[in-house]
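Colleague: I have a model open on my screen. Where do I begin reading?
Modeller: Load it, and we will go feature by feature.

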Amino acid sequence: MSDGAIPFGRLRLIPSSVWALGVVSLLMDFSSEMIHALLPIYLVGTMGATMAQVGAIEGVAEATASVVKIFSGAVSDWFASRKLLAILGYGLAAVTKPLFPLAPNVDWVMAARFIDRVGKGIRGAPRDALVADVTPAELRGAAFGLRQSLDTVGAFLGPAVAVLVMWATLDDIRAVFWVACIPAILAVAVLAFGVSEPAETRPQRPARFPLHWSEIRGLSGRFWLVVAIASIFSLARFSEAFLILKAQAVGLPEALAPLVLVAMNVVYAGASYPVGAFSDRGDRITPLAAGLVMLIGADAALAYAEHLPLVWGGVVLWGLHMGLTQGLFAALVADTAPAALRGTAFGVFNLTGGLALLVASLLAGWLWDVYGPWAAFAAGGGAALLSLGVLLIASRSLSAPAE
(Lines give C-alpha, C1' and ligand atoms only; values in the text may rest on other atoms or scores of the structure.)
Protein backbone atom coordinates (compact mmCIF):
# COMPACT_ATOMS: atom_id res chain seq x y z
CA MET A 1 0.00 0.00 0.00
CA SER A 2 1.06 3.58 -0.58
CA ASP A 3 1.78 6.10 2.14
CA GLY A 4 -1.49 7.80 1.25
CA ALA A 5 -3.37 4.56 1.98
CA ILE A 6 -1.69 4.14 5.36
CA PRO A 7 -1.94 7.38 7.38
CA PHE A 8 0.88 6.42 9.73
CA GLY A 9 3.21 5.83 6.78
CA ARG A 10 3.17 9.58 6.17
CA LEU A 11 4.76 10.38 9.52
CA ARG A 12 8.29 10.15 8.06
CA LEU A 13 7.38 12.81 5.48
CA ILE A 14 6.49 15.42 8.09
CA PRO A 15 9.30 18.00 8.58
CA SER A 16 11.48 17.67 11.70
CA SER A 17 10.56 21.17 12.86
CA VAL A 18 6.90 20.12 13.04
CA TRP A 19 7.92 17.19 15.25
CA ALA A 20 9.94 19.54 17.47
CA LEU A 21 7.05 22.00 17.72
CA GLY A 22 4.85 19.06 18.69
CA VAL A 23 7.25 18.12 21.50
CA VAL A 24 7.27 21.75 22.67
CA SER A 25 3.47 21.69 22.75
CA LEU A 26 3.53 18.35 24.58
CA LEU A 27 5.78 19.69 27.34
CA MET A 28 3.91 22.96 27.81
CA ASP A 29 0.54 21.23 27.88
CA PHE A 30 1.98 18.70 30.34
CA SER A 31 2.72 21.66 32.60
CA SER A 32 -0.48 23.61 31.98
CA GLU A 33 -2.84 20.66 32.39
CA MET A 34 -1.24 19.59 35.68
CA ILE A 35 -2.43 22.97 36.93
CA HIS A 36 -5.68 23.16 34.97
CA ALA A 37 -6.85 19.72 36.11
CA LEU A 38 -6.94 20.87 39.74
CA LEU A 39 -7.48 24.61 39.39
CA PRO A 40 -11.31 24.61 39.37
CA ILE A 41 -11.38 22.43 42.51
CA TYR A 42 -8.70 24.63 44.09
CA LEU A 43 -10.74 27.74 43.31
CA VAL A 44 -14.09 26.38 44.48
CA GLY A 45 -13.00 24.10 47.34
CA THR A 46 -10.02 25.97 48.78
CA MET A 47 -10.65 29.62 47.87
CA GLY A 48 -14.45 29.66 47.93
CA ALA A 49 -15.00 30.85 44.35
CA THR A 50 -18.46 30.57 42.75
CA MET A 51 -19.16 28.76 39.50
CA ALA A 52 -19.73 32.14 37.84
CA GLN A 53 -16.24 33.21 38.96
CA VAL A 54 -14.75 30.00 37.55
CA GLY A 55 -16.48 30.67 34.24
CA ALA A 56 -15.26 34.28 34.25
CA ILE A 57 -11.65 33.31 35.03
CA GLU A 58 -11.56 30.64 32.32
CA GLY A 59 -13.39 32.75 29.76
CA VAL A 60 -11.32 35.89 30.32
CA ALA A 61 -8.11 33.84 30.25
CA GLU A 62 -8.88 32.22 26.92
CA ALA A 63 -10.24 35.43 25.39
CA THR A 64 -7.04 37.22 26.43
CA ALA A 65 -4.97 34.62 24.59
CA SER A 66 -7.11 35.05 21.50
CA VAL A 67 -6.91 38.86 21.48
CA VAL A 68 -3.12 38.74 21.78
CA LYS A 69 -2.92 36.18 18.96
CA ILE A 70 -4.22 38.60 16.37
CA PHE A 71 -1.36 40.99 17.10
CA SER A 72 1.36 38.35 17.39
CA GLY A 73 0.21 36.65 14.18
CA ALA A 74 0.28 39.91 12.24
CA VAL A 75 3.66 40.87 13.68
CA SER A 76 5.03 37.46 12.63
CA ASP A 77 3.90 38.26 9.05
CA TRP A 78 5.55 41.66 9.24
CA PHE A 79 8.91 40.55 10.63
CA ALA A 80 11.10 37.75 9.36
CA SER A 81 10.99 35.52 12.46
CA ARG A 82 8.02 33.57 13.77
CA LYS A 83 10.30 31.51 16.05
CA LEU A 84 11.37 34.53 18.09
CA LEU A 85 7.76 35.37 18.97
CA ALA A 86 7.09 31.72 19.82
CA ILE A 87 10.06 31.68 22.23
CA LEU A 88 8.78 34.88 23.85
CA GLY A 89 5.32 33.38 24.32
CA TYR A 90 6.45 30.04 25.68
CA GLY A 91 9.00 31.78 27.91
CA LEU A 92 6.36 34.05 29.42
CA ALA A 93 4.12 31.06 30.14
CA ALA A 94 7.02 29.25 31.81
CA VAL A 95 7.95 32.11 34.16
CA THR A 96 4.32 32.54 35.30
CA LYS A 97 3.85 28.91 36.41
CA PRO A 98 5.22 29.55 39.95
CA LEU A 99 2.51 32.19 40.50
CA PHE A 100 -0.13 29.46 40.90
CA PRO A 101 1.30 27.75 44.01
CA LEU A 102 2.12 31.17 45.47
CA ALA A 103 -1.43 32.51 44.98
CA PRO A 104 -3.08 33.69 48.25
CA ASN A 105 -6.54 34.47 46.77
CA VAL A 106 -8.84 34.26 43.74
CA ASP A 107 -7.64 37.60 42.32
CA TRP A 108 -4.05 36.37 42.32
CA VAL A 109 -5.07 33.20 40.45
CA MET A 110 -6.97 35.27 37.92
CA ALA A 111 -3.89 37.46 37.37
CA ALA A 112 -1.69 34.38 36.93
CA ARG A 113 -4.11 32.86 34.41
CA PHE A 114 -4.23 36.20 32.57
CA ILE A 115 -0.43 36.46 32.25
CA ASP A 116 -0.10 32.79 31.32
CA ARG A 117 -2.66 33.23 28.55
CA VAL A 118 -0.88 36.32 27.26
CA GLY A 119 2.06 33.98 26.69
CA LYS A 120 -0.21 31.53 24.91
CA GLY A 121 -1.53 34.35 22.75
CA ILE A 122 1.95 35.48 21.76
CA ARG A 123 3.04 32.00 20.70
CA GLY A 124 -0.09 30.49 19.17
CA ALA A 125 -0.53 32.16 15.78
CA PRO A 126 3.22 32.35 14.91
CA ARG A 127 3.63 28.67 15.82
CA ASP A 128 0.69 27.58 13.66
CA ALA A 129 1.87 29.78 10.79
CA LEU A 130 5.34 28.23 11.14
CA VAL A 131 3.84 24.74 10.83
CA ALA A 132 2.13 25.87 7.61
CA ASP A 133 5.33 27.53 6.33
CA VAL A 134 7.46 24.36 6.62
CA THR A 135 4.83 21.82 5.49
CA PRO A 136 3.83 21.00 1.87
CA ALA A 137 0.13 21.60 1.14
CA GLU A 138 -0.54 17.89 0.64
CA LEU A 139 0.63 17.15 4.21
CA ARG A 140 -1.09 20.00 6.07
CA GLY A 141 -3.80 17.90 7.66
CA ALA A 142 -1.26 15.32 8.82
CA ALA A 143 1.15 17.99 10.13
CA PHE A 144 -1.48 19.87 12.10
CA GLY A 145 -2.93 16.58 13.30
CA LEU A 146 0.48 15.40 14.49
CA ARG A 147 1.20 18.63 16.36
CA GLN A 148 -2.25 18.45 17.93
CA SER A 149 -1.78 14.80 18.90
CA LEU A 150 1.56 15.50 20.61
CA ASP A 151 0.06 18.54 22.30
CA THR A 152 -2.74 16.36 23.60
CA VAL A 153 -0.38 13.63 24.82
CA GLY A 154 0.96 16.30 27.16
CA ALA A 155 -2.60 17.18 28.06
CA PHE A 156 -3.30 13.69 29.39
CA LEU A 157 0.15 13.07 30.88
CA GLY A 158 -0.19 16.25 32.95
CA PRO A 159 -3.38 15.24 34.77
CA ALA A 160 -2.10 11.65 35.17
CA VAL A 161 1.06 12.88 36.87
CA ALA A 162 -1.05 15.29 38.91
CA VAL A 163 -2.97 12.31 40.31
CA LEU A 164 0.30 10.61 41.27
CA VAL A 165 1.65 13.74 42.94
CA MET A 166 -1.65 14.22 44.80
CA TRP A 167 -1.38 10.63 46.06
CA ALA A 168 2.28 11.00 47.04
CA THR A 169 1.75 14.32 48.85
CA LEU A 170 -1.60 13.49 50.53
CA ASP A 171 -3.63 15.82 48.29
CA ASP A 172 -1.27 18.81 48.35
CA ILE A 173 -2.46 20.78 45.33
CA ARG A 174 0.28 23.38 45.67
CA ALA A 175 2.91 20.62 45.36
CA VAL A 176 1.37 19.62 42.03
CA PHE A 177 1.62 23.23 40.86
CA TRP A 178 5.33 23.34 41.75
CA VAL A 179 6.09 20.12 39.85
CA ALA A 180 4.33 21.63 36.81
CA CYS A 181 7.08 24.24 36.51
CA ILE A 182 9.63 21.64 35.28
CA PRO A 183 8.15 20.65 31.87
CA ALA A 184 7.41 24.32 31.12
CA ILE A 185 11.13 25.14 31.34
CA LEU A 186 12.01 22.12 29.16
CA ALA A 187 9.52 23.29 26.49
CA VAL A 188 11.36 26.59 26.04
CA ALA A 189 14.70 24.76 25.72
CA VAL A 190 13.39 22.39 23.01
CA LEU A 191 11.95 25.32 21.05
CA ALA A 192 15.18 27.32 21.24
CA PHE A 193 17.45 24.49 20.13
CA GLY A 194 15.23 22.04 18.22
CA VAL A 195 13.21 24.17 15.79
CA SER A 196 14.68 25.60 12.60
CA GLU A 197 12.78 28.39 10.89
CA PRO A 198 12.91 28.11 7.07
CA ALA A 199 14.63 30.64 4.85
CA GLU A 200 12.36 33.59 4.12
CA THR A 201 9.68 32.46 1.67
CA ARG A 202 6.97 35.04 2.33
CA PRO A 203 6.77 38.01 -0.04
CA GLN A 204 8.40 41.25 1.08
CA ARG A 205 5.94 43.35 3.08
CA PRO A 206 5.70 47.13 3.21
CA ALA A 207 7.01 48.54 6.52
CA ARG A 208 3.74 49.63 8.07
CA PHE A 209 1.55 48.77 11.02
CA PRO A 210 0.84 45.02 10.77
CA LEU A 211 -2.95 45.24 11.21
CA HIS A 212 -3.57 47.50 8.23
CA TRP A 213 -7.20 47.22 7.13
CA SER A 214 -6.30 46.52 3.50
CA GLU A 215 -4.58 43.31 4.56
CA ILE A 216 -7.53 42.12 6.64
CA ARG A 217 -9.64 42.65 3.53
CA GLY A 218 -7.14 40.52 1.60
CA LEU A 219 -8.34 37.41 3.42
CA SER A 220 -10.68 35.36 1.24
CA GLY A 221 -14.38 34.73 1.60
CA ARG A 222 -13.65 31.04 2.20
CA PHE A 223 -11.42 32.01 5.12
CA TRP A 224 -14.17 34.11 6.68
CA LEU A 225 -16.57 31.19 6.25
CA VAL A 226 -14.18 28.98 8.24
CA VAL A 227 -14.01 31.70 10.91
CA ALA A 228 -17.81 31.94 11.13
CA ILE A 229 -18.29 28.19 11.52
CA ALA A 230 -15.49 27.89 14.08
CA SER A 231 -16.87 30.81 16.11
CA ILE A 232 -20.33 29.23 16.36
CA PHE A 233 -18.61 25.97 17.25
CA SER A 234 -16.65 27.72 20.04
CA LEU A 235 -19.95 28.78 21.62
CA ALA A 236 -20.64 25.07 22.12
CA ARG A 237 -17.33 24.06 23.72
CA PHE A 238 -16.90 26.03 26.90
CA SER A 239 -14.01 25.35 29.30
CA GLU A 240 -13.24 21.73 30.23
CA ALA A 241 -13.25 22.93 33.84
CA PHE A 242 -16.98 22.23 33.76
CA LEU A 243 -16.34 18.57 32.87
CA ILE A 244 -14.24 18.19 36.02
CA LEU A 245 -16.85 19.89 38.19
CA LYS A 246 -19.65 17.76 36.72
CA ALA A 247 -17.72 14.57 37.52
CA GLN A 248 -17.07 15.78 41.05
CA ALA A 249 -20.75 16.70 41.47
CA VAL A 250 -21.82 13.09 40.81
CA GLY A 251 -19.29 11.56 43.17
CA LEU A 252 -15.75 11.52 41.74
CA PRO A 253 -13.24 12.00 44.62
CA GLU A 254 -11.19 15.21 44.50
CA ALA A 255 -7.86 13.38 44.23
CA LEU A 256 -9.10 11.56 41.11
CA ALA A 257 -10.56 14.64 39.39
CA PRO A 258 -7.61 14.99 36.97
CA LEU A 259 -8.55 11.62 35.48
CA VAL A 260 -11.39 13.41 33.67
CA LEU A 261 -8.84 15.27 31.55
CA VAL A 262 -6.73 12.13 31.20
CA ALA A 263 -9.66 10.23 29.67
CA MET A 264 -10.68 13.12 27.43
CA ASN A 265 -7.17 13.76 26.15
CA VAL A 266 -6.28 10.11 25.52
CA VAL A 267 -9.16 9.96 23.06
CA TYR A 268 -8.30 13.41 21.68
CA ALA A 269 -4.64 12.50 21.09
CA GLY A 270 -5.50 9.15 19.52
CA ALA A 271 -7.88 10.69 16.99
CA SER A 272 -6.09 13.89 15.92
CA TYR A 273 -3.32 12.56 13.65
CA PRO A 274 -5.32 9.84 11.79
CA VAL A 275 -8.15 12.32 11.19
CA GLY A 276 -5.72 14.95 9.88
CA ALA A 277 -4.02 12.45 7.57
CA PHE A 278 -7.42 11.26 6.30
CA SER A 279 -8.44 14.85 5.54
CA ASP A 280 -5.41 15.28 3.25
CA ARG A 281 -7.20 13.03 0.76
CA GLY A 282 -9.48 15.99 0.05
CA ASP A 283 -12.28 15.70 2.62
CA ARG A 284 -12.04 17.90 5.71
CA ILE A 285 -15.83 18.35 6.00
CA THR A 286 -16.94 14.81 6.92
CA PRO A 287 -14.70 14.56 10.02
CA LEU A 288 -15.75 18.07 11.13
CA ALA A 289 -19.42 17.13 10.83
CA ALA A 290 -18.81 13.89 12.73
CA GLY A 291 -17.04 15.87 15.45
CA LEU A 292 -20.02 18.15 15.91
CA VAL A 293 -22.31 15.13 16.19
CA MET A 294 -19.99 13.77 18.90
CA LEU A 295 -20.19 17.09 20.77
CA ILE A 296 -23.99 17.04 20.67
CA GLY A 297 -23.89 13.53 22.12
CA ALA A 298 -21.40 14.59 24.81
CA ASP A 299 -23.56 17.51 25.88
CA ALA A 300 -26.65 15.32 26.03
CA ALA A 301 -24.88 12.72 28.21
CA LEU A 302 -23.40 15.33 30.56
CA ALA A 303 -26.65 17.30 30.83
CA TYR A 304 -28.59 14.36 32.25
CA ALA A 305 -25.90 12.24 33.90
CA GLU A 306 -26.59 11.44 37.56
CA HIS A 307 -23.93 8.74 37.92
CA LEU A 308 -20.29 8.47 36.90
CA PRO A 309 -20.61 5.93 34.00
CA LEU A 310 -22.66 8.36 31.89
CA VAL A 311 -20.28 11.20 32.79
CA TRP A 312 -17.35 9.10 31.57
CA GLY A 313 -19.25 8.42 28.35
CA GLY A 314 -19.77 12.15 27.85
CA VAL A 315 -16.09 12.85 28.56
CA VAL A 316 -15.00 10.27 25.95
CA LEU A 317 -17.34 11.79 23.35
CA TRP A 318 -16.00 15.26 24.22
CA GLY A 319 -12.44 14.07 23.56
CA LEU A 320 -13.48 12.44 20.29
CA HIS A 321 -15.10 15.65 19.08
CA MET A 322 -11.89 17.55 19.83
CA GLY A 323 -9.79 15.06 17.87
CA LEU A 324 -12.17 15.26 14.92
CA THR A 325 -12.20 19.06 14.73
CA GLN A 326 -9.29 21.03 16.20
CA GLY A 327 -6.49 20.09 13.81
CA LEU A 328 -8.84 20.33 10.84
CA PHE A 329 -9.88 23.89 11.62
CA ALA A 330 -6.17 24.84 11.67
CA ALA A 331 -5.62 23.05 8.35
CA LEU A 332 -8.61 24.88 6.83
CA VAL A 333 -7.13 28.22 7.90
CA ALA A 334 -3.85 27.27 6.20
CA ASP A 335 -5.79 26.14 3.11
CA THR A 336 -7.74 29.37 2.75
CA ALA A 337 -5.18 32.05 3.75
CA PRO A 338 -2.43 33.43 1.48
CA ALA A 339 1.11 32.58 2.58
CA ALA A 340 1.96 36.24 3.24
CA LEU A 341 -0.95 36.59 5.68
CA ARG A 342 -0.91 33.23 7.48
CA GLY A 343 0.07 34.73 10.82
CA THR A 344 -2.64 37.37 10.54
CA ALA A 345 -5.17 34.74 9.48
CA PHE A 346 -4.43 32.49 12.45
CA GLY A 347 -4.61 35.54 14.72
CA VAL A 348 -8.05 36.56 13.40
CA PHE A 349 -9.26 32.97 13.60
CA ASN A 350 -8.15 32.62 17.22
CA LEU A 351 -9.50 36.04 18.22
CA THR A 352 -13.03 35.29 17.06
CA GLY A 353 -12.96 31.79 18.53
CA GLY A 354 -11.62 33.07 21.85
CA LEU A 355 -14.29 35.75 22.16
CA ALA A 356 -16.93 33.10 21.47
CA LEU A 357 -15.33 30.87 24.11
CA LEU A 358 -15.46 33.76 26.59
CA VAL A 359 -19.19 34.15 25.99
CA ALA A 360 -19.70 30.38 26.23
CA SER A 361 -17.80 30.05 29.52
CA LEU A 362 -19.54 33.03 31.11
CA LEU A 363 -22.94 31.76 30.00
CA ALA A 364 -22.19 28.20 31.14
CA GLY A 365 -21.15 29.41 34.60
CA TRP A 366 -24.27 31.57 34.94
CA LEU A 367 -26.61 28.78 33.75
CA TRP A 368 -24.95 26.31 36.14
CA ASP A 369 -25.37 28.64 39.13
CA VAL A 370 -28.99 29.56 38.31
CA TYR A 371 -30.48 26.42 36.74
CA GLY A 372 -27.97 23.64 37.33
CA PRO A 373 -25.44 21.75 35.19
CA TRP A 374 -28.07 20.38 32.80
CA ALA A 375 -28.78 23.88 31.49
CA ALA A 376 -25.12 24.64 30.76
CA PHE A 377 -24.63 21.46 28.74
CA ALA A 378 -28.01 21.77 27.00
CA ALA A 379 -27.06 25.25 25.78
CA GLY A 380 -23.75 23.87 24.48
CA GLY A 381 -25.58 21.14 22.58
CA GLY A 382 -27.86 23.70 20.96
CA ALA A 383 -24.90 25.75 19.75
CA ALA A 384 -23.23 22.60 18.38
CA LEU A 385 -26.39 21.74 16.45
CA LEU A 386 -26.46 25.25 14.94
CA SER A 387 -22.79 24.96 13.97
CA LEU A 388 -23.45 21.60 12.30
CA GLY A 389 -26.24 23.12 10.23
CA VAL A 390 -24.04 26.00 9.03
CA LEU A 391 -21.20 23.58 8.19
CA LEU A 392 -23.45 21.38 6.06
CA ILE A 393 -24.85 24.40 4.20
CA ALA A 394 -21.33 25.73 3.53
CA SER A 395 -19.74 22.36 2.73
CA ARG A 396 -19.56 22.88 -1.04
CA SER A 397 -17.67 26.17 -0.71
CA LEU A 398 -15.23 24.74 1.82
CA SER A 399 -14.57 21.62 -0.26
CA ALA A 400 -12.85 23.61 -3.03
CA PRO A 401 -9.21 22.62 -3.65
CA ALA A 402 -6.65 23.92 -1.14
CA GLU A 403 -4.46 26.84 -2.16
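The turns below go from the whole chain to helix pairs and then to single residues.

Colleague: What kind of model is this?
Modeller: This is a predicted model. Keep that in mind as we read.

Colleague: How many helices and strands are there in the protein chain?
Modeller: Begin with the secondary structure. The protein chain has 17 helices and zero strands.

Colleague: What percentage of the residues in the protein chain is buried?
Modeller: Buried means under 20% relative accessible area. In this chain of 403 residues, 59% are buried.

Colleague: And what share of the contacts joins residues 24 or more positions apart?
Modeller: Look at contacts with a separation of 6 or more. Of these, 86% link residues 24 or more positions apart.

Colleague: Which residues touch the most other members of the largest nonpolar core?
Modeller: That core holds 120 residues, and the ones touching the most other members are Leu 43, Trp 318 and Phe 377. Helix α15, residues 308-336, supplies the largest share of this core, with 12 residues.

Colleague: What does Trp 318 touch, leaving out residues up to four places away in sequence?
Modeller: With those left out, the partners of Trp 318 include Phe 377, Phe 238, Met 264 and Leu 243. Arg 237, Glu 240 and Asp 299 are also among them.

Colleague: Now helix pairs. At roughly what angle do the axes of α11 and α17 cross?
Modeller: Take the distance and the angle together. The axes of α11 (residues 221-236) and α17 (residues 373-398) come within 7 Å and cross at roughly 165°. Angles over 145 degrees count as roughly antiparallel. So α11 is roughly antiparallel to α17. The crossing of α11 past α17 is left-handed.

Colleague: Which residues meet where α11 contacts α17?
Modeller: On the α11 side, they include Leu 225, Ile 229 and Phe 233. On the α17 side, Ala 383, Val 390 and Leu 391 are among them. By type, the residues of this contact split into 14 nonpolar, three polar and one charged.

Colleague: How do α14 and α15 cross?
Modeller: Read this pair in the same order. The axes of α14 (residues 285-304) and α15 come within 8 Å and cross at roughly 155°. That angle is why α14 counts as roughly antiparallel to α15. Here too, α14 passes α15 in a left-handed crossing. Among the residues making the contact are Leu 288, Met 294 and Leu 302 of α14, with Leu 317, Trp 318 and Phe 329 of α15. The contact of α14 with α15 has 18 nonpolar residues, five polar and one charged.

Colleague: Let me try single residues. Is Ser 231 buried or exposed?
Modeller: Find its element, then its accessible area. Ser 231 sits in helix α11. Its relative accessible area is 15%, so Ser 231 is buried. Not counting residues up to four places away in sequence, Ser 231 touches Thr 352, Gly 353 and Ala 356.

Colleague: What about Ala 129: buried or exposed?
Modeller: Ala 129 lies in helix α6, residues 106-134. Ala 129 is buried, because its relative accessible area is 0%. Its C-alpha atom is 7.8 Å from that of Gly 73, and the two residues are 56 apart along the chain. Beyond four places in sequence, Ala 129 touches Arg 82, Arg 342, Gly 343 and Phe 346.

Colleague: Where is Met 110 found?
Modeller: Helix α6 holds Met 110 as well. With a relative accessible area of 33%, Met 110 is partly exposed. The C-alpha atoms of Met 110 and Ala 61 are separated by 7.9 Å, with their positions 49 residues apart along the chain. Neighbours within four places aside, Met 110 is in contact with Ala 56, Ile 57 and Val 60.

Colleague: Last feature. What sign does phi have in most residues other than glycine?
Modeller: Most residues other than glycine have a negative phi. Leu 170 has a positive phi of about 60°, although it is not a glycine. Leu 170 is in the loop between α7 (140-168) and α8 (173-179). It has a relative accessible area of 76%, so Leu 170 is exposed.

Colleague: And what is phi of Asp 171 near?
Modeller: Phi of Asp 171 is near 65°, again a positive value in a residue other than glycine. Asp 171 is also in the loop between α7 and α8. Its relative accessible area is 41%, so Asp 171 is partly exposed.

How values were computed:
Residues numbered from 1 in each chain as written. Predicted model: local features only at pLDDT ≥ 70, side-chain atom pairs only at ≥ 80, totals over all residues. Heavy atoms only, no water. Core = buried A, V, L, I, M, F, W, Y, C linked by side-chain atoms within 4.5 Å. Buried < 20%, exposed > 50% of the residue type's maximum accessible area, 1.4 Å probe, protein only. Helix = DSSP H or I, 4+ residues; strand = E, 2+ residues; numbered from the N terminus. Contact = heavy atoms within 4.5 Å. Axes fitted to C-alpha atoms, helices over the stretch in contact; angles between N-to-C directions. Parallel < 35°, antiparallel > 145°, perpendicular 65-115°, else oblique. Left-handed = near helix turned anticlockwise from the far one by under 90°. Nonpolar A, V, L, I, M, F, W, Y, C, P; charged D, E, K, R; others polar.
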